[in-house]
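A reader new to this structure may wish to go through it step by step. The following exchange is offered for that purpose.

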Amino acid sequence: MADKFDVIVIGAGPGGYVAAIRAAQMGLKAACIEKWIGKEGNVVHGGTCLNVGCIPSKALLEASHKFVEAKHDFDDMGIQAGDVSMDVTKMMARKDKIVKNLTGGISGLFKANGVTAIEGTGKVVSGKQVEVTDNDGNTTTYDADNIVIAAGSVPVEIPPTPLTEGLIVDSTGALEFTETPKRLGVIGAGIIGLELGSVWNRLGSEVTVLEAMDSFLPMVDTTVAKETQKLLKKQGLDIKLGARVTGSETNGEEVIVKYTDSNGEQEMTFDKLIVCVGRRPYTKGVIADGVSIELDERGFIFVDDQCRTNVPGVYAIGDCVRGPMLAHKASEEGIMVADIIAGHKAEMNYDTIPSVIYTYPEVAWVGMTEQDAKAKGIEVKTGTFPFAASGRAMANNATEGSAKIIADAETDRILGMHIVGQHAGEMIAQGVIAMEFGSSAEDLALTCYAHPTMSEAVHEAALAVDGHAIHMANRKSVNNSVSNNEAPPFKGGANFRLCLNPQRSKERGWPVLLRPFL
Ligand code: FAD
Ligand code: NAD
């Protein structure tokens, strides 16, 4: 008789493994099923993120960035590094070692938290049962009071460019090149295209990115997106917008890509082609015929705001459900669902999920763009500060980019933060925390920042919202009042927010509300 669990999670990516660990921490008997076979032929945990996503791509981004620094930037600082070269095999071996350490670490975390790791392919056969088929084809059925589907996503393939062994590849293939291709084509100027295009561009590939849309990074504030496009172009990425790929031919050595743009039909020849046009939810084989878990029109498992499917006791999280396909979004959903199953009240603020593109410089954002706010009829005020005016950026040789804050014109509440610059991915946490606490731009403006730091640009951008930036000339006329004395409206619901500065809240008679302890 197979064990019975309080919760069984299908998939051990950042959604699933986090859900299982949190459930065990909440005192539930939890199991996590995983089928991913790693490079050494055994089942590995960590999903897309650890095996072929976030972590290996960042290992290559960091190595290739250091290579560029050593080759081009050290000299300016007086460092004579001599002839700098890249050993691609060694770079890849380092990446594989990091992946191995981290995936092995999840197994350790399962043990430490008392999560039962089950190897094989899980299938929901009823609202309370999961069947697991192991690698030898044996099946075992487990009973569970609750089931969490965290099956993730896979790359989208498009008919004009079917994948071929080693020549036309997806993101996974692009993490395994054994040498730097001379001419690299990338289809899609999305996050993967820009990150992996950057890796190989830095190592010497001539990179052309073909993007079907006419706009560049439409989800990022226009001013920051334009600046990013300019910076990437300067680095050598040839980004062709409005280029729709229509076909490809390979001769075993090269790939000829056909596309149409405003000038008509075009073609280009590459030594490798990366297809990165998005990812789709992976639900194949996860739900047995006859189990009526609903999918939406795009194939995502249909869930409510708290990740409940239409079948009681069955939840779904991460890339296989609506929302951004990001590891931290998957993990937060995992925590929320585990808490709900454990009987706690829990919810997630989908308005404050940050995004980061790990190019150099990094692009990071949270919340609304200025164009989003205007489209919604919200009157905004903005503050922007260029890193060119930052002392630390000069010392770091990192003066490219800027930080921008978008605030509600009436309440001063921060609606969005968009940054392009060195360490933007670290700095954006300030915007996330500020927005989580319902902070006004003035709250950040009146906060004491360490000097000299890159983060001072965020401080200055907050000051600039009211025309009070200190280290640049303010374009807008200075607003002499320091506060409108109005509390930003609270969103309500269970996730009460606290003004960042309780003392000031008190002085102004604002309500001080604490986030309830779960
Ligand atoms: P996954 O990580 O895809 O995990 C799903 C797991 O479920 C897999 O291990 C799969 O084997 C398993 N599974 C599926 N079906 C079954 C079954 N029937 N039985 C058992 N197991 C099953 N996101 C970021 O936030 N930051 C980044 O920097 C970033 N970089 C990325 C770079 C690349 C190249 C790629 C491809 C993605 C990147 N992402 C990044 C996205 C991130 O990897 C995903 O959003 C995240 O992994 C989703 O987590 P998940 O748990 O929902 O799914
Ligand atoms: P994406 O959705 O970010 O970008 C795909 C791009 O391809 C879009 O700009 C789209 O217009 C373009 N495109 C689609 N079809 C095309 C065609 N036929 N010809 C030319 N262009 C075409 O998708 P992605 O870059 O593949 O990334 C997939 C997911 O992985 C994203 O949702 C992202 O959230 C996640 N991811 C995140 C990170 C990160 O957080 N740093 C890194 C990598 C991946």
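What follows is a series of questions and answers on the model, its ligands and its backbone.

User: What kind of model is this, and what average pLDDT does the chain have?

Analyst: This is a predicted model, in which local features need pLDDT of at least 70, side-chain atom pairs count only at pLDDT 80 or more, and totals for chains, interfaces and linings use all residues; side-chain values use heavy atoms, with hydrogens and water left out. Residues are numbered from 1 along each chain as its sequence is written, while chains are lettered from A and ligands numbered from 1 in the order in which they are written. The pLDDT is the predictor's confidence in each residue, from 0 to 100. In this chain 92% of the residues score at least 70, and the average is 92.

User: Over which residues does pLDDT stay under 50 with 50 contacts beyond four places in sequence?

Analyst: A contact here means heavy atoms within 4.5 Å. One stretch with pLDDT under 50, residues 514-518, has 11 such contacts beyond four places in sequence. The stretch with 50 of them is residues 484-500.

User: Which residues does UniProt list for the domain "FAD/NAD(P)-binding"?

Analyst: The name comes from an unreviewed UniProt entry; UniProt positions are given in the numbering used here, feature names are shortened, and annotations may be inferred rather than shown by experiment. In the model this span is 30% helix and 26% strand, with its end C-alpha atoms 17 Å apart. Helices (H or I, at least four residues) and strands (E, at least two) are DSSP runs, numbered from the N terminus. The record lists residues 5-334.

User: Which element gives the most to the shell around ligand 1?

Analyst: A residue is near a molecule if one of its heavy atoms lies within 4 Å of it. Ligand 1 has 39 residues around it, of which E34, T48, K58, G122 and D319 come nearest. At least two residues of the shell come from each of β2 (30-34), α2 (47-52), α3 (54-73), β4 (121-126) and α8 (327-341). The element that gives the most, with four residues, is α2.

User: How much of the area that ligand 1 exposes when taken alone is buried by the protein?

Analyst: Among the polar contacts (pairs of N or O atoms within 3.5 Å), an oxygen atom of ligand 1 lies 2.8 Å from an N or O atom in the side chain of D319. Polar backbone atoms take part too: one of A327 is 2.8 Å from an oxygen atom of ligand 1, and one of M325 is 3.3 Å from an oxygen atom of the ligand. Accessible areas come from the Shrake-Rupley method with a 1.4 Å probe. Ligand 1 alone exposes 990 Å², and the share buried by the protein is 95%.

User: Which helix gives the most to the shell around ligand 2?

Analyst: Ligand 2 is surrounded by 22 residues, and the closest are I192, E195, E211, G278 and V356. Polar backbone atoms of I191 and I192 lie 3.3 Å and 2.9 Å, respectively, from an oxygen atom of ligand 2. The protein buries 78% of the 840 Å² that ligand 2 exposes when taken alone. The helix that gives the most, with three residues, is α6.

User: In which loop is the proline that follows H451 by a cis peptide bond?

Analyst: The peptide bond from H451 to P452 is cis, with omega near -5°. P452 is found in the loop between α12 (441-445) and α13 (456-464).

User: Where is D412, which has a positive phi although it is not a glycine?

Analyst: The phi of D412 is about 75°. The residue is placed in the loop between β21 (402-408) and β22 (414-421).

How values were computed
Polar contact = N/O pair within 3.5 Å; in protein donor to acceptor, adjacent residues only side chain to side chain.
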